[in-house]
Structure formats: C-alpha cells, structure tokens
Protein chains: 2
Amino acid sequence: MTDKRIPDSTVRRLSLYLRFLGEFEASGVETVSSEALAERGGTTAAQVRKDLSHFGSFGKRGLGYSVGALARELRHILGLGRHWNVALIGAGRIGMALFEYGPFRRRGFHISTVFDNDPEKVGQARGDVTIHGMEELAERLKEGHIDLVILAVPATVAQDVLDDVVRAGVTAVLNYAPTQLRAPEHVALRSVSMLLELEALSYALSRQRSA
Amino acid sequence: MTDKRIPDSTVRRLSLYLRFLGEFEASGVETVSSEALAERGGTTAAQVRKDLSHFGSFGKRGLGYSVGALARELRHILGLGRHWNVALIGAGRIGMALFEYGPFRRRGFHISTVFDNDPEKVGQARGDVTIHGMEELAERLKEGHIDLVILAVPATVAQDVLDDVVRAGVTAVLNYAPTQLRAPEHVALRSVSMLLELEALSYALSRQRSA
DNA sequence: CGCATCTTGTGAAGTCTTTCACAAATCAAC
DNA sequence: GTTGATTTGTGAAAGACTTCACAAGATGCG
C-alpha cells in the first residue's frame, strides 16, 4: 500500500495531479473524483486511483477526494512541504533563464548559490546571490548544505563537474547539458534535453509525412 | 521488422545512440558493438539490438555496426537528414534562451520565425529574424511552411495559442509552458517542464532522507 | 430503514517493454 | 576448410505498467 518501488511515470503524474488540484482549488471546487482528475490530465480514472493507491487511500467512496486534503498529501509525498536548497552551476543563457524562473522558488526550490568558471562573471551579483568561481565548488556545496544541483554547463565538462558535485556529497542533480551522464546508484540524476525532445518530434513528423 | 508502433522509449534511445556514434566517430572508432553502445548509454546490449531491429538490420554478425553507416541510418529514421522549419512563440527569457541555443540549428532545426505579444518587442530583430505580433500568427505559420512550433508562452495562454497553432495546420509542437495541454490525435505534442523534473527529484530526495 | 446512486480501492487480466538465450553469420588462424 | 571466437537478430520468457471490473463504503431520499 505504501513504499515499494514506485514507477517513475506514477511520480510524474502525481506532480500533474497536484497542479490540477491547484487549479480546482482556485476555481472553488472542494471535491474531485478520480474521473475529473483523469479527464484534466489525459489519463484514466483507474490510473489515477492506482497511482494514489501506492501511497494510501485518500478518498471517500461515493464522494471522491477533498481537493485541499489530497493536495496536502501529494505535497507531502513529493517532498514539497519543505525548502530545498539548490545550487546552479553554469550562469550562461540557459542557467540564467532557469535562475530567473519564478515558479521554482514558489515551490520551495531556492537557488542559493551560483557558480560559473568565467572570470568576467565571477563576483557579479544576480538578485541576492553572487556568482562564485568553480574552485569554490566543493567547499560551498558542503558548507551551504545544498540538497540539489542544477547543472547547466557545456556538455564537454558536464561529467567532470558532476563527479565533483557527487564527491561533495550532493545526491540529486538535474542536468541540462546535452550529454549522457553517469552517477553512482545512490544519486538521483535526471536529464532534460531539448534536442532529444526535438528529435522525437522530428521522428513523429517524418512518420506523418511518409504516411 | 519495420514500421508498426514503436515505443517512445525506443525513439529516445535512438537519439542517444546517435549522439554516442558521433562521439565514437570523433575518436576515430569505425565499428561498435551493441555492447559498446549499451555501456555508453547505461542500457543493455539486448536492448540496443532490439531497438534497432524495429527498423531493420544494420549490423554484421561477429563484427558489430559501422559507426558511420549506423549514424546515417539513425539520422534517416529520426528524420534528421532534412531541414525543419521551426517557429518560436514567446520571446521571453526561456524563449530567447532556446532561440540562441546553437545545437538546434546544427541538427537541422531552423528557427525562422519568432512571435511575441509584447508591443515593445514586436518589430525588433533577433539575429536574422524579426519578432512578429501574435495577430500575424495564423497567416505566417501557413505561408512560412512551418513544420514545428516551440511554445514558450505563459501557462495561462498556452492552450489558446496551441489551438491557434493547430488550426493553422502545424502538426508538431514542443511545449515549455508548465501546463497540461490538449491537442488532436494527429498532432505530435511533447511537453518539457523543469518543475516536473525538479519535483521528481524532490520525491527522490525525500525517499533518500527518510530511508 | 431500505433502496438507488455514486465512487473508491484493488485483485485479476491484459498489454506493453525488457531481458534472455541461442541459432546463424562473420572473420581469423592454422 | 575446419575450428574457435565473436556478435548480431529474434522468438520466447519474464517483468512492468495499465486497464478492467467489481465488492465495499458513502450519501440522499422516500
């Protein structure tokens, strides 16, 4: 009922459900059925119930789920009640776009430290943080109690930087560099690649055109 | 052997294999085994062979795959031989970071048109393209022979813009707005959400901490 | 209260994806 | 040309995820 290995797809859907619950809450709805959540998210009611059932039973038969209560549960399951201390490595265009992206902070992801290896940038202030040189990485990651690192560096150096990050004891990394990285088992590593997504679309397009 | 429904996971891995082949090529290797590709990509040799077998047989038993030939095949399968005409909607921070991201063009994705609804921005030039107002959307999408749209607009208007895009006949969309969008069956729609990824990491972190 | 209606939670069935395991193909060496 | 060492391509088995379908709990109404 709880624990065990949860499919990654389930975790992602939980995030979506949480988003939808926010919308329902904003529009004054107090109760939702699995059917309503499914319709909003392009999935099925059974899927919604199965996803939730991995973690407990949060609904009332005949009634559905309390919007507020379920949102609280999901936030708890996803670890979103708390404040995560984030470091951004790479203050280039993508890095800074991420840095200035509002919703992160609103959800509890607080970018408290920024690194870059460009001497021009080191020392500059961005909002309320200062850009640090890469030589300070190990020390600052440890002493800053960083929970999570966002990697926005060129592909060529990504693996090296990741190794440093892991060595400094960080166990969660979100990678934006377009390269396949390796990390020890105990480190949660996710990669986002715009190229990969575009290529999947390119595949779909070719399919469409030749059909 | 060819065609049929290909798992999305397979398509994504093909993109990865192509990346690795580029690396192998750069380092002068002429032949790779499924084992070598698997090791590089964190999967298994059987998986690599199965993935490729959906599209044909490209290797030589006892030898492996020719790096150059397999790369060509993959580019063809993924539709990357050609030039895709891309429109970017939304010239905000994320939009412009995408616009200036070099690798797109190198892979054949050419952003030829940019839209934004901010009167301040409309008319300005960015590189060799001019930012157009949203009222020109329908006409320019059609006449510009746009294959693919990148959506980088606020979540609140994303669905409306998507509807316009679909109505203009575009059949492939990459969405960066943090909202769940709906499109007709025949439209290939993918969404990238940094928040979703971060939340999955947050889940993993909670797991780690409580274990 | 009893009956009709609704909606959850969940085993069981079904479907999709990955892994296994081995015959067949290729090459080198003797 | 036969043997030995490789490595592919692929049915079959195993595993993972999704969908089905229904009992059980909850509510409202006469």
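Which polar backbone atom lies 3.1 Å from a sugar or linking oxygen of DNA strand D? In the predicted model examined here, that atom belongs to B:Gly62, whose backbone approaches the sugar or linking oxygen of DNA strand D at the stated distance of 3.1 Å. A second backbone contact to this strand is made by B:Gly59, a polar backbone atom of which is placed 2.9 Å from a phosphate oxygen of DNA strand D. The bases of the strand are also reached, since an N or O atom in the side chain of B:Arg49 is found 2.7 Å from a base nitrogen of DNA strand D. The elements that contribute two or more residues to the surface near DNA strand D are α1 (8-26) and α3 of chain A, together with α3 of chain B. Among the contributors, α3(A) gives the most, with 4 residues.

In total, 26 residues are placed around DNA strand D, and those that come nearest are B:Ser34, B:Arg49, B:Ser57, B:Arg61 and B:Tyr65. Of the atoms of DNA strand D that come within 4 Å of the protein, 63% are accounted for by sugar and phosphate. When the residues of this surface are sorted by class, 7 are nonpolar, 11 are polar and 8 are charged.

For DNA strand C, the surrounding residues likewise number 26, and the closest of them are A:Ser34, A:Arg49, A:Ser57, A:Arg61 and A:Tyr65. Sugar or phosphate makes up 65% of the atoms of DNA strand C within 4 Å of the protein, while the rest belong to bases. Polar side-chain atoms from both chains take part in contacts with this strand. In chain A, a polar side-chain atom of A:Arg61 is located 2.9 Å from a sugar or linking oxygen of DNA strand C. In chain B, a polar side-chain atom of B:Thr44 lies 3.4 Å from a phosphate oxygen of the strand, and a polar side-chain atom of B:Arg49 is 3.3 Å from one of its base nitrogens. B:Arg49 thus appears in base contacts with DNA strand C and with DNA strand D.

At the level of secondary structure, at least two residues of the surface near DNA strand C are supplied by each of α3 (45-53) of chain A, α1 (8-26) of chain B and α3 (45-53) of chain B. The largest share of that surface comes from α3(B), which provides 4 residues. The class composition of the surface near DNA strand C is 7 nonpolar, 11 polar and 8 charged residues.

Attention is turned next to the enclosed and open spaces of the protein. The count of cavities of 30 Å³ or more comes to 1, and the volume of the largest cavity is about 120 Å³. Its lining is drawn from both chains and consists of A:Ile94, A:Ala97, A:Leu98, A:Tyr176, A:Val192 and A:Met194, together with B:Ile94, B:Ala97, B:Leu98, B:Tyr176, B:Val192 and B:Met194. Helix α5 of chain A and α5 (93-99) of chain B each supply at least two of these lining residues. By class, the lining of the largest cavity comprises 12 nonpolar residues, with no polar and no charged ones.

The second largest pocket has a volume of about 890 Å³. It is lined by 40 residues, of which A:Val153, A:Pro154, A:Ala155, A:Thr156 and A:Pro178 are the closest to its centre. Two or more lining residues are given by each of α5 (93-99) and α8 (155-167) of chain A and by α1, α4 (67-77) and α6 (102-106) of chain B. The lining of this pocket is divided into 20 nonpolar, 7 polar and 13 charged residues.

In chain B, 7 strands are arranged as an open sheet of mixed pairing, in the order β5-β6-β4-β3-β7-β8-β9. Strands β5 (125-126) and β9 of chain B stand at the edges with a single partner strand each, so that one side of each is left without a neighbour in the sheet. Strand β8 (residues 172-175) of chain B is paired with β9(B) in the parallel sense over 4 bridges, and B:Asn175 stands opposite B:Ser191 in β9(B). In strand β9 (residues 188-191) of chain B, B:Ala188 and B:Arg190 form the covered face, whereas B:Leu189 and B:Ser191 form the uncovered one. Parallel pairing is also found between strand β4 (residues 109-115) and strand β6 (residues 129-132) of chain B, here over 2 bridges, and the bridge partner of B:Phe115 in β6(B) is B:His132.

Conventions:
Residues are numbered from 1 along each chain as its sequence is written. Chains are lettered from A and ligands numbered from 1 in the order in which they are written. This is a predicted model: local features need pLDDT of at least 70, side-chain atom pairs count only at pLDDT 80 or more; totals for chains, interfaces and linings use all residues. Side-chain values use heavy atoms; hydrogens and water are left out. A residue is near a molecule or strand if one of its heavy atoms lies within 4 Å of it. A polar contact is a pair of N or O atoms within 3.5 Å; within protein, one must be able to donate a hydrogen and the other to accept it, and residues adjacent in sequence count only if both atoms are side-chain atoms. Ala, Val, Leu, Ile, Met, Phe, Trp, Tyr, Cys and Pro count as nonpolar, Asp, Glu, Lys and Arg as charged, and the others, Gly among them, as polar. On a 1 Å grid over the protein atoms alone, a cavity is a set of points where a 1.4 Å probe fits but cannot get out, and a pocket is an open set with protein on both sides within 12 Å along at least five of seven lines; lining residues have an atom within 4 Å of a point. Grid points are joined across faces, edges and corners, and a volume is the space filled by probe spheres set on the points. Buried means under 20% relative accessible area, exposed over 50%, partly exposed in between (1.4 Å probe, protein chains only). Two strands pair if DSSP finds at least two bridges between them.
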